[in-house]
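Open the model in your viewer and keep the selection tool at hand. The stops below are taken one at a time.

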Amino acid sequence: MAFRNSFPRITLARSTHAIRNFHSTPRAFVKAGDEVPSFDGLMENSPGFKVNLAEEFKSSNGYIVGVPGAFTGTCSSLHVPSYINHPGLKKAGQIFVVSVNDPFVMKAWAEQLDPAGETGIRFIADPSAKFTKALDLGFDGSAIFGGMRGKRYALKIENGKVTKTFIEPDNTGANGIWTQFNTLGFIPRLNYDANESAVIGTPPPLSSLSTPTPFDEPLPRSVCRAATISPTTRKRKAAEATIFSQDQEGVPPQKRLIASAADHPAAPPTPVTTTSFNMDSDEEYLSAMSTDDEIMQEYSGDEISDAEDFEDDFDEPDPDFGLSAKDINKTRQPAHVISFDVHQPSDIQRQQDEFINEVNMILDMRKEDAAILLRHFRWNKERLLEDYMDRPENVLEAAGLSSKTSALPKLEAIPGFTCDICLEDGDDLPSFALKCGHRYCLHCYRQYLSQKIKGEGEAARIQCPSDGCGRILDSRSLDLLVTPELAGRYTELLNRTYVEDKDMFKWCPAPDCPNVVESAIKKKDLDKIVPSVECLCGYRFCFGCPNPDHQPAPCELVKKWLKKCADDSETANWISANTKECPKCGSTIEKNGGCNHMTCRKCKYEFCWMCMGLWSEHGTSWYNCNRFEEKSGSEARDAQAKSRTSLERYLHYYNRYANHEQSARLDKDIAQKTEKKMIQLQSSSGMSWIEVQYLSTASQSLQTCRQTLKWTYAFAFYLARNNLTEIFEDNQKDLEMAVEDLSEMFEKPIQELSDSKLKVDIMDKTSYCNKRRVILLEDTAENLANGRWSFNSDLAAVPATARR
């Protein structure tokens, strides 16, 4: 690599860095012998869980580790992991990591560094910074963190008092002492006194180290190498060390830095990067001082973004993974395919439990109440937390959690109690009351809940039986009142409510299938994509509507087509094609004889059946009308011709649609007999079970392709004539011909299917059918997404966004 202009900048910056931590007078920090401040404002995981470290250390020993902030580079990559990976962790006692952050951030940081929570290290938030101020370890971090933060420090606590301290003098950076002891393999924040850290840049003598405790064992070498320094940075550091060491032996470190800044070697030698655990020279010591954060601070924004520097300093070619542009394009998701996930009932229950546990931990409330809150907010956890923090009383009232007592509901027999519903009384009459205080007998409660769950299908919002009371029944109370059978139905309804509350979830419509499909497709996008999904049970359906898979036709088009096929619209077309309306009163008239002289029975109007004109204008042209140009009958004739043309066009597409629908049903019946055919073919030809699987594959391909072909005719019925329509019809024709050929091969007798040549032909044709189907769907989906399709006037009921 060539360093050129960037090398002097790095050298000069390091000379400044070497003296930037000097203090003329020592700082007044916490010292050995001080007691741990007693403060109740520390929080763990949530604002409701308070921690007092003075109380925690009354009966145990351990360490308090302070960090400037959660998720900071050095603390996340080196500082806290050095404790987590230390072999003496179990003998160290309690360890608390404290930072001026909110408890939610600290909880997230803890889950990232210690996901399983096996280390026992506790992450504590000091949001008000009062604990940090009590230790006199705060500093103004407005420039970086936006407010006051705490220094990086470590305090060893024994019997509630500080026995050893380590305080990072430069607030947020890893200074020389820090890196020196990391290199030696010790945990630095545990091993020496604050007074020893006053001399910055000079490693303390080994004799100054305190007596090793069980937690003072050397770190494994893998932990010592945990600093996240990029390969480019390591090469640059090695280059500096190589240049510095040439012709500089015997020169003091500071003078050597200044001298090297003045020299500009024309072509520095290519360094060899090595890993060293000993401080052999001052250059190695200084090179080890910096962290990634400090290196970034030594460059200005202009220097970092200078493209020429990057081109000059890093002349290594980009890695070649052997991927061409064509290969990269193959990884793009096809336009007719959407992303989706399938969830089983256990997954749905697990998701609800995760939501409930998280809200329960943050708001410090019972899980049953957290579940009611989540259902009230339709499982929108973020909006729940935001509203609850702003106005908790109003949120609880709206969700049906207002209460007059904190005691948990239970079955009781209260002397002198009379049920307000059935008016039963008795000293041994079991009764129940929610936290609202409205008490009823057990029998009435069970009847009420049975009607709500079985009769009305209600579960999420079952209220107290008292008139006007909005208290919601929770799952714990229901378990006390109903039978296990009814409780199972209640849980099933709760799961159904969870799915229905989420727009990204849809039940699989297949019979007896309990699975749920999740997709991020929005309703507003249904005019641009046909979201077909497939459940684990094998059923394919549209995620945007309750219909089976109808690619390539959009949902609105399918809705209109099915309505056209199901209602009386085509009956009206037949009436228009085979009857005529009286030109005067509009009554429908069917001709039942050969005479063209028609007389309306309703209004007695006489007209000509052929031209719809007034009969009196025909003169002597009785029964032989040839006057087709009269103005009086032209509109009626035009309407008649248009009706006939529309009917013929509809029947053209409908007949082919119905034909493929019928063929698909027949193919499905044949598919049910395919296994029997495969067994017969296996026994007659000597093929193995694996070798006859091509018949099953061909059967599945036939059903899928016919389903697609069926909906291509519904789609084509609404298309306006243009070049894209012709391309679509060509793709449709190719797929239809291939499907008919495959269907003919598939239905051949067993004797012919045993021919190896026919087997190869069936396999090739199956593959060809699948490819032609993908080509047709891909072309249609791309044009639909880009708004290129033009629809005719028959699609007037479809929103304008679908006709762009």
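Begin by selecting Cys-75. This is a predicted model, and in it Cys-75 has 0% relative accessibility; a residue counts as buried when this value is under 20%, so Cys-75 is buried. Cys-75 sits in helix H3, residues 73–84. The UniProt record, an unreviewed entry, places the feature "active site" at Cys-75. Now show what surrounds this residue. Leaving aside neighbours within four places in sequence, Cys-75 is in contact with Val-67, Pro-68, Val-80, Pro-81, Trp-109 and Arg-152.

Next, select residues 341–343, 505–507 and 516–518. The first two ranges are strands S10 and S14, and the third is strand S15. Together they form an open sheet in the order S10-S15-S14, with antiparallel pairing. S10 and S14 are the edge strands, each pairing on one side only. On average, neighbouring strands of this sheet are turned by 30° against each other, direction ignored. S14 and S15 are joined by 3 bridges; for Phe-505, the bridge partner in S15 is Glu-518.

Add residues 345–363, which are helix H15. H15 packs on the sheet and touches S10, S14 and S15, with its direction at about 90° to that of S10. Then add helix H21, residues 484–501, which lies across S14 and S15 and runs at about 130° to S14.

Move on to a pair of helices: H16 (residues 367–376) and H18 (residues 392–399). At what angle do H16 and H18 pack? The angle is about 85°, and their axes are 9 Å apart. Angles of 65 to 115 degrees count as roughly perpendicular, so H16 and H18 are roughly perpendicular to each other. Show the side chains here: Ile-372, Leu-373 and His-376 of H16 make the contact with Val-395, Leu-396, Ala-398 and Ala-399 of H18.

The next selection is another open sheet, of 3 strands in the order S11-S12-S13, with antiparallel pairing. Its edge strands are S11 (412–413) and S13 (439–441). S12, residues 430–433, pairs with S13 over 3 bridges, and Ser-431 has Cys-441 as its bridge partner in S13. Helix H19, residues 442–455, packs on this sheet, touching S12 and S13, and its direction makes about 90° with that of S13.

Finish at helix H26, residues 693–717. At 1.5 Å a residue, its 25 residues should span 36 Å, and the end C-alpha atoms are 37 Å apart, which agrees. Of those 25 residues, 19 are buried, so H26 is largely enclosed by the rest of the structure.

Terms used: Residues numbered from 1 in each chain as written. Predicted model: local features only at pLDDT ≥ 70, side-chain atom pairs only at ≥ 80, totals over all residues. Heavy atoms only, no water. Pairing = 2+ DSSP bridges. Helix = DSSP H or I, 4+ residues; strand = E, 2+ residues; numbered from the N terminus. Contact = heavy atoms within 4.5 Å. Axes fitted to C-alpha atoms, helices over the stretch in contact; angles between N-to-C directions. UniProt positions renumbered as here; feature names shortened; annotations may be inferred. Buried < 20%, exposed > 50% of the residue type's maximum accessible area, 1.4 Å probe, protein only. Expected span 1.5 Å × (residues − 1). Parallel < 35°, antiparallel > 145°, perpendicular 65-115°, else oblique.
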